[in-house]
Amino acid sequence: MGAVSVEGVHALVRRTHEERVLRVLREHGALSRGQIAAKVGLSRTTLSEIAGDLLSRGAVVVIDTDAGLRAGSGRPAELLTLDPSSGRFLGVDLGRRRVRVAVADAAHEVIATGHAAYGPGTGWPERVAVAFDLIDDVGARSGISFRALQGVGVGVAGPRPVEPAVAEAFRERFGAPVIADGSTRFAALAEAVTDVPELHDVLYIRLADGIDGGLVVGGRLVTGGHGVAGEFGHVPAVLPVGGPAGGPVGGRGEPVGGPVGGPDPCRCGRRGCLETVASVPAVLRTCRRRGLAVRTADDLEAALRRGDPVAAAVLDEAAVAVGQVLAAAALVLDPARIVVGGRLTRCWPGVVDRIAATVAERAGARVAGGGDRVVRAARLGDEDGALGAIAVLYRQAPLLAGYH
């Protein structure tokens with residue numbers, strides 16, 4: 001472990017003091033500098049420096065003086081309060097086709113969200129540029145200032161090596177601490193903290209343009225030894241024709257997600273990954289092979305609403321494949337909850353029930369509470385990655401114990 005610089009220690013101490021001041025203002029409302037200093041245990045000199053910096057950055061504002069409350073003479077003391085328009089935490093989810101952002105204030109309340117689309121082949125510098133434009137737009141529309149950001153959390157879908165470059169771009173833009181990680185890991189944390197009481201063992205999977213996952217295990221947001229924990233999309237789910245029995249097959253006997261002759265190739269270079277079976281593009285592709293002309297998730301959802309048997313069969317097969325993979329993971333990890341999110345679950349909410357039934361069948365009583373009660377749909381929708389990024393920024397132990 002490297003040595004910590006004196007400057008780093010000073011910065012940490014200063015941020016700690018700032019958070020104490022902000023917490024007091026959040027709990028008590030408008031206070032004078034003297035009142036704040038007494039409540040947080042700081043000297044007036046130190047408090048004056050902290051307050052001056054917070055005022056200059058727009059985190060707090062002067063709303064009044066205590067002149068009306070004073071009985072004696074003397075200069076009225078200014079009353080400070082939190083600026084409700086000051087964004088303190090910024091969560092960003094850089095997905096494969098769109099970016100989503102969420103902004104939270106000093107009271108940890110989400111005060112604005114937004115999203116913008118880009119093409120699936122868009123490079124990372126261009127995705128970051130779209131994100132910056134979106135953040136500017138959200139700030140302008142909502143009247144939010146980003147001058148007092150305490151931190152930025154950036155969730156990235158796809159290859160992990162891009163994270164350092166993305167983090168550095170946000171650090172340079174906003175001059176605030178940045179945490180970057182897989183967006184579905186952040187989503188896993190966000191879903192874990194929405195349960196009451198909070199859950200310390202959660203398995204999360206997102207069925208969207210790709211398939212990603214995240215794990216909260218033993219109260220820790222897990223990255224794994226090589227940074228790929230939760231990569232359910234690349235777990236084998238389809239066996240080549242003529243291979244061992246037991247792989248998921250469709251109603252006509254072909255492997256789910258591919259034609260007779262073998263499973264589709266995955267973007268990772270292998271064949272038969274879960275992503276080639278149960279991602280939105282894979283499901284659409286299988287539907288087209290079976291004669292149903294669907295090009296988008298909206299087309300698929302419309303087909304399901306009118307009761308199209310091909311769409312229903314393909315979704316059912318995809319759900320079974322997902323359930324088999326999750327059942328195997330559940331037997332190893334014994335999660336308190338399995339959360340299923342992503343666009344596919346909104347096309348057909350019954351996909352979660354089918355996954356749950358498969359988990360119950362495959363893992364059953366050996367999974368705490370039974371598979372049908374362990375599995376649930378994601379509650380936070382498309383903003384779960386951005387909200388999870390914010391949760392990473394301000395949550396303390398136990399869910400972030402050891403997070404790095």
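Q: Which residues does H234 touch, not counting those up to four places away in sequence?
A: This is a predicted model. In the model, H234 touches C266, R267, C268, R270, C273 and E275.

Q: Where is H234 placed?
A: H234 sits in the loop between β11 (220–222) and α7 (275–278).

Q: Is H234 buried or exposed?
A: H234 is buried: its relative accessible area is 18%, and the cut-off for buried is under 20%.

Q: Switching to strands. How many residues of β9 are buried?
A: Strand β9 covers residues 202–207, and 6 of its 6 residues are buried.

Q: Which residues are on which side of β9?
A: V202, Y204 and R206 are on one side, and L203, I205 and L207 are on the other. Both faces of β9 are covered.

Q: What runs antiparallel to β9?
A: Strand β10 (residues 211–217) does, and 6 bridges join the two. L207 of β9 stands opposite I211 in β10. The two strands form a hairpin, with 3 residues between them.

Q: And which strand runs parallel to β9?
A: That is β12 (residues 337–341), joined to β9 by 5 bridges. Here L203 stands opposite I338.

Q: Salt bridges next. How many does the structure hold?
A: The structure holds 17 salt bridges. One of the pairs is R97 with D209, whose side chains meet at 3.2 Å, N to O.

Q: What does the R97 and D209 pair tie together?
A: R97 is in the loop between β4 (89–94) and β5 (98–104), while D209 is in the loop between β9 and β10, so the pair ties together parts that are 112 residues apart in sequence.

Q: What is the relative accessibility of R97, and what is that of D209?
A: R97 has 32% and counts as partly exposed. D209 has 23% and also counts as partly exposed.

Q: Which residue does R173 meet in a salt bridge?
A: The side chain of R173 meets that of D136, at 2.8 Å, N to O. The pair links distant parts of the chain, 37 residues apart: R173 is in helix α5 (residues 163–174) and D136 in helix α4 (residues 124–142).

Q: What are the accessibility values for R173 and D136?
A: R173 is partly exposed, with a relative accessible area of 35%. D136 has 41% relative accessibility and counts as partly exposed.

Q: What about E301, which residue does it form a salt bridge with?
A: E301 forms one with R343, and their closest N and O atoms are 3.1 Å apart. E301 lies in helix α9 (residues 297–305) and R343 in helix α11 (residues 343–347), so this pair ties together parts that are 42 residues apart in sequence.

Q: Is R343 buried or exposed?
A: R343 is buried, because its relative accessible area is 18% and buried means under 20%.

Q: Which residues are linked with E301 and R343 in a network of salt bridges?
A: D298 and R305 are linked with them in that network.

Q: Back to sheets. What is the strand order in the open sheet of 5 strands?
A: The order is β6-β5-β4-β7-β8, and the pairing is mixed. Its edge strands are β6 (110–117) and β8 (178–182), each pairing on one side only. From one strand to the next, the twist averages 15°.

Q: How many bridges are there between β4 and β5?
A: They pair over 6 bridges, in the antiparallel sense. One of the bridge partnerships is between F89 and A104, the latter in β5.

Q: Which strands does α4 lie across?
A: Helix α4 lies across β4, β5, β6 and β7 (151–156), and runs at about 140° to β6. Helix α6 (residues 183–194) packs on the sheet as well, touching β4, β7 and β8. The direction of α6 makes about 100° with that of β8.

Q: Last one, α12. What span should its 13 residues have?
A: At 1.5 Å a residue, helix α12 (residues 350–362) should span 18 Å, and its end C-alpha atoms are 18 Å apart, which agrees.

Q: Which residues in α12 are buried?
A: G350, V351, V352, I355, A356, T358 and V359 are buried.

Q: What phi does G364 take, just after α12?
A: G364 takes a positive phi of about 50°.

Terms used
Residues numbered from 1 in each chain as written. Predicted model: local features only at pLDDT ≥ 70, side-chain atom pairs only at ≥ 80, totals over all residues. Heavy atoms only, no water. Buried < 20%, exposed > 50% of the residue type's maximum accessible area, 1.4 Å probe, protein only. Helix = DSSP H or I, 4+ residues; strand = E, 2+ residues; numbered from the N terminus. Pairing = 2+ DSSP bridges. Salt bridge = Lys/Arg side-chain N within 4 Å of Asp/Glu carboxyl O. Contact = heavy atoms within 4.5 Å. Axes fitted to C-alpha atoms, helices over the stretch in contact; angles between N-to-C directions. Expected span 1.5 Å × (residues − 1).
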